Every structure is written in structure tokens, then in C-alpha cells.
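Work through the exercises below with the structure in view. Each task is followed by a solution in steps.

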Amino acid sequence: MLILTCPCCGVTGEETEFHQGGEAHLKRFGPGASDDEFHTYMFAKENPKGVHFERWRHNNGCGKWFHAARDTVTLEVYGTYPAQTLEPPKEIRDAITAKRPGWTWREFA
Amino acid sequence: MKHYSAFAVAREALRYHMGWERAWASPEPKKKYDVIIVGAGGHGLATAYYLGKNFGITNVAILEKGWLGGGNTGRNTTIIRSNYLQDPSAAIYEKSRSLYETLSQDFNYNVMYSPRGVIMLAQTEHEVRGYQRTAHANALQGVTTEFISPQRVKEIVPIINLDGPRYPVLGGLWQARAGTARHDAVAWGYARACSAMGMDIIQKCEVTGISREGSKVTGVTTNRGDIACDKLGLVVAGHSGHLADMAGFRLPIESVALQALVSEPIKPCMDCVVMANTVHGYMSQSDKGEMVIGGGTDGYNNYTQRGSFHHAEETVRALVETFPMVARLKMLRQWGGIVDVTGDRSPILSKTPVEGIFINAGWGTGGFKAIPGSGCGFAELMAKGHSPLCDEFGLDRFYQGRFIDESVAAGVAH
């Protein structure tokens with residue numbers, strides 16, 4: 001069972017208290033975008049075997065959205081951080097590099 | 001390859017069973033094949049089988065990183081049914097179900113297909129309307145199903161509790177010719193038949209890279225050397241995204257763990273399959289007497305082949321409500337498989353952006369029932385470039401917004 005800490009209210013809880021909301025750090029495309037851009041944004045998933053950045057919502061708690069870095073193979077949670085960020089903070093990236101050297105995620109690594 | 005028959009059993013009984021051959025060969029990989037299939041699970045082996053049987057293509061290798069049938073083929077709850085809402089789904093699943101009827105005779109290997117019937121319980125007014133709609137759709141599609149009353153449900157499944165604490169049973173969608181089969185035997189039977197046609201099944205051979213020349217595939221890199229091919233079929237379920245990444249494209253797929261569990265064996269108490277989608281659990285009884293139980297997928301993508309504990313708890317809770325007599329059963333085993341889920345809960349049987357690479361994926365939580373139909377259609381797609389069974393399931397449907405939406409129709413694991 002995952003143990004997550006909500007960066008908004010500070011509560012640490014089991015995964016049943018939260019709900020996952022898909023990939024994080026998506027670049028959104030809307031009107032005026034090409035079909036390819038919109039398709040990639042809408043459907044193409046990273047679905048990595050390893051480091052995954054994702055959105056979570058503290059459903060049975062403060063109700064706020066936040067981001068988490070998690071490993072899809074070991075289920076280790078590398079850390080959670082506010083949703084109002086464009087990329088994961090340095091300490092989380094360092095924690096990931098310590099466990100999975102050479103990891104990548106779209107434009108940042 | 002020797003023919004399996006009652007006579008063969010009698011003959012071997014008289015000579016200490018020393019005459020049985022290995023069911024399939026384990027050759028070293030050749031340098032080049034016409035077709036390479038990655039993934040020796042049910043769908044991969046079935047694809048190879050129908051490539052040989054229907055199209056005469058036998059210079060085929062089936063590569064498997066683990067052991068044959070050790071992925072989702074060996075991890076599912078063996079349910080076979082075809083009561084889908086959308087026309088393309090009903091077509092391929094019904095083709096599959098009808099092939100299951102004669103599969104044992106077809107490749108001379110007993111897959112123990114048991115058309116014991118499947119009931120999907122309707123436990124809300126919404127579900128009643130949904131399943132009545134499906135029954136009407138099935139009538140138009142030529143799939144025999146009917147919507148039955150709670151009393152009829154009780155006649156078919158005496159151990160059911162019609163007025164459970166949360167959701168009473170208001171009816172059910174009954175498909176009498178649906179049922180179960182022995183999952184391992186399906187993989188073994190196809191493997192034996194492929195091997196007999198001269199195809200190479202290469203186990204413990206992990207694909208680590210895909211080679212291209214321009215936009216065309218030329219072969220694969222594996223832990224047992226480079227192997228060239230003209231056409232490459234990726235049939236790897238949960239790891240489809242991983243292989244697509246090697247080939248240089250992304251898929252509308254997320255991989256999730258789906259778990260199942262079985263109880264200790266008990267005397268026969270239920271001779272059909274019951275699915276309760278509102279409370280989230282389904283159950284059948286194996287020939288050994290174990291209650292085979294399945295439930296929901298994990299809430300986040302992962303590759304753990306384990307499954308969240310609280311999902312097992314939810315599933316068991318749902319089944320105790322529906323079948324009070326199982327409350328004191330001990331569970332023997334629990335396991336998980338990695339299922340590849342698409343946005344519309346329908347599979348992808350398609351060409352890809354790389355010429356020569358075809359993908360068969362996205363069966364999500366319901367791939368076992370589709371094995372023969374999927375193999376039959378996908379083989380045609382690989383051999384001829386298109387197939388009436390597969391054309392609707394192309395990757396281009398996500399560009400075109402032409403979804404085959406089974407997520408609303410099925411709701412849960414299917």
C-alpha cells in the first residue's frame with residue numbers, strides 16, 4: 001500500500017485516502033493545435049517501467065491536487081510536491097537519480 | 001508430432017508412459033525469419049498459429065522473455081464471453097467464442113472449453129437498462145444473450161443472495177454459451193501446433209531493441225543475439241508501451257495491475273460464471289473445486305504483478321455480500337498480472353508508424369476470451385495488411401475520435 005504525504009495539508013495517509021489523476025507535467029494543447037499535438041497530449045502516455053510523475057488528489061482529506069514521483073516497478077514514492085510547479089524539485093530528482101541513474105522524462109531528466 | 005487420442009492414452013498406459021514426446025521444440029534462434037512475434041502468450045501464439053494455418057506463413061519465430069504462457073495467459077480468471085455492446089467488439093469476441101467451441105478438435109489438444117454460461121448481474125436500475133440495451137444489441141449482432149429475471153438468476157445460481165445489504169439483484173444478462181477454458185492449455189495447445197508447423201518458439205529470449213532502416217523494421221536485438229525479420233508483431237500486453245518505446249512511438253495505453261485469487265477447493269456449488277460489476281467482483285468454480293475470484297484493477301499504473309491489498313479486500317467484501325456462503329472460505333493463492341488499458345477499453349490491432357511493425361495490445365482486463373479471434377484477425381492483418389475483424393481497432397481511431405467505447409458498457413474488469 002502506498003503511503004503519500006499531501007504537500008497541501010501535510011497529512012500522511014494510505015493510498016485509499018487519495019486518488020490518482022494520471023500523468024503530470026502535460027503540456028496542454030487546445031484550439032489551433034495540430035492533430036498530432038492534440039493527439040499526443042490527449043492519448044499518448046509515457047507509461048514508463050520505472051519513474052513516473054503523476055497527479056494525485058487528496059480525496060478523503062483536504063481535496064487538493066498535488067504531484068508525486070513514484071516508481072512503477074518498486075512502488076517507491078520518491079516524494080510529493082505542489083501541483084503549481086512546472087517540474088519536480090531538485091531534491092526529488094536527486095533522490096530518483098540515487099535509485100535509478102539515467103532516468104528520463106520527456107524534456108527534463 | 002504424435003496424435004493425442006484415447007488410443008494413445010491406452011497405448012502409453014501399457015508401457016509406463018515412456019512414449020510421450022515433448023509438446024513443442026526449443027530450438028536456437030535462426031538469423032532471419034519472415035515474421036517475428038514478440039510474446040509467447042495466448043495472443044502471440046494464436047497469431048503465429050493462424051499465420052501458418054490460414055496463410056501458409058511458417059517461417060515464424062515467437063520470442064518470449066520469460067516462459068511460455070507465463071504472463072497474463074497464466075494469470076487470468078479464464079472467462080469467455082462475447083456479450084459486448086459495440087458492433088466491432090461483438091464481432092471479434094463472438095468470432096473468438098465460436099473458435100473456442102471447436103479449438104480442442106482444431107489443434108488436437110484439450111483446452112477444456114466449458115460453455116457453462118455467464119451471468120452479469122444487474123444491481124442498479126441503471127445497470128438493468130444498460131444490460132437490456134446490450135441484450136437488444138446482441139440480438140442484432142447475432143450473439144445469443146437474454147436479460148433474465150431475479151428468479152431465473154436464483155434458479156441458475158442457488159447460492160446467490162438476491163437481496164444483499166447494498167445492491168439487490170434486479171436481473172442479469174445471461175449468455176448460455178459463454179463459459180471458461182483451461183488457460184494454460186490454450187497456450188500449450190497453440191504452442192504445440194505452431195511447433196508442429198515448423199515455427200520456432202524461443203523462450204528466455206528478451207527483446208532489448210528494435211532495429212530500423214529508415215522507416216522500416218529490419219529485426220530485433222535480443223539477449224540471444226540479433227534476429228532479422230520482414231514483419232514484426234508486438235503482442236506483449238502490459239509491456240506494449242515499453243516495446244513501442246524501443247520502436248520509437250508512444251501508445252494510448254497505461255499498464256495497471258489486475259489481481260485474482262482462488263479459494264481452497266470445495267464441493268461443486270456453482271456451475272456457471274457470475275460477474276457482479278456494481279459491487280466489483282466475479283467468481284466461478286474451477287474443475288478442482290476452487291472458487292476463482294477476480295476484481296478491480298489498481299488505481300494507478302504499475303508493473304508489480306501483485307495488486308493492491310485493499311482491492312482484494314473490496315472484491316472479497318463484494319462476493320461475501322453476493323454469496324454469503326463463501327464468507328468462511330480460506331483463500332489459497334493471490335496473484336496479479338499487468339494489463340494494458342486503453343482509454344476506450346477496446347484493444348488495438350493495428351499497423352504502426354514503423355513499416356512492418358504491427359501491434360496487438362490494449363486488451364486490458366479481458367484478453368483471455370479473445371485469444372482465438374484476436375490471433376485469427378491479427379494474423380490476417382499481418383499477412384494481408386487489413387482484416388475485417390481488426391480494421392475498426394486501428395491506432396488511427398484515437399486521431400479520429402472514433403472510439404469503440406466499452407468502458408461505459410462494461411464498467412469494470414471484463
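**Exercise 1. Find how far apart the centres of domain 1 and domain 2 of chain B are, and describe the contact between these domains.**

Solution. The model is predicted.

Step 1. Taken over C-alpha atoms, the centres of domain 1 of chain B and domain 2 of chain B are separated by 27 Å.

Step 2. Domain 1 of chain B brings 31 residues to the contact, and domain 2 of chain B brings 27 residues.

Step 3. On the side of domain 1 of chain B that touches domain 2 of chain B, the elements giving two or more residues are β3 (79–80), α3 (87–101) and α8 (240–247) of chain B. Of these, α3(B) gives the most, with 4 residues.

Step 4. Sorted by class, this side of domain 1 of chain B holds 10 nonpolar, 14 polar and 7 charged residues.

Step 5. To locate the domains, use the assignment for chain B: domain 1 covers 23–109 + 183–252 + 344–410, and domain 2 covers 118–178 + 255–342.

**Exercise 2. Give the strand order of the open sheet in chain A and trace its pairing.**

Solution.

Step 1. The sheet has 4 strands in the order β3-β4-β5-β6 (chain A), and the pairing is antiparallel.

Step 2. β3 and β6 of chain A are the edge strands, since each pairs on one side only.

Step 3. On average, neighbouring strands of this sheet are turned by 30° against each other, direction ignored.

Step 4. Between β4(A) and β5(A) there are 7 bridges; here A:Glu54 stands opposite A:Ala68 in β5(A).

Step 5. Between β5(A) and strand β6 (residues 77–82) of chain A there are 5 bridges. A:Arg70 has A:Val77 as its bridge partner in β6(A), and A:Phe66 has A:Pro82.

Step 6. Helix α2 (residues 90–99) of chain A packs on the sheet and touches β4, β5 and β6 of chain A. The direction of this helix makes about 165° with that of β6(A).

**Exercise 3. Why is strand β5 of chain A described as largely enclosed?**

Solution. Count the buried residues: in strand β5 (residues 65–71) of chain A, 6 of the 7 residues are buried, so the rest of the structure largely encloses this strand.

**Exercise 4. Which elements of chain A supply at least two residues each to the side that touches chain B?**

Solution.

Step 1. The contact joins 17 residues of chain A to 20 residues of chain B.

Step 2. The elements are β3 (19–23), α1 (35–42) and β4 (51–57) of chain A.

Step 3. By class, this side of chain A has 5 nonpolar, 7 polar and 5 charged residues.

Methods
Residues numbered from 1 in each chain as written. Chains lettered and ligands numbered in written order. Predicted model: local features only at pLDDT ≥ 70, side-chain atom pairs only at ≥ 80, totals over all residues. Contact = placed C-beta atoms within 7 Å. Nonpolar A, V, L, I, M, F, W, Y, C, P; charged D, E, K, R; others polar. Buried ≥ 20, exposed ≤ 12 C-beta atoms within 10 Å, placed from the backbone. Pairing = 2+ DSSP bridges. Domains from an automatic or database assignment. Axes fitted to C-alpha atoms, helices over the stretch in contact; angles between N-to-C directions.
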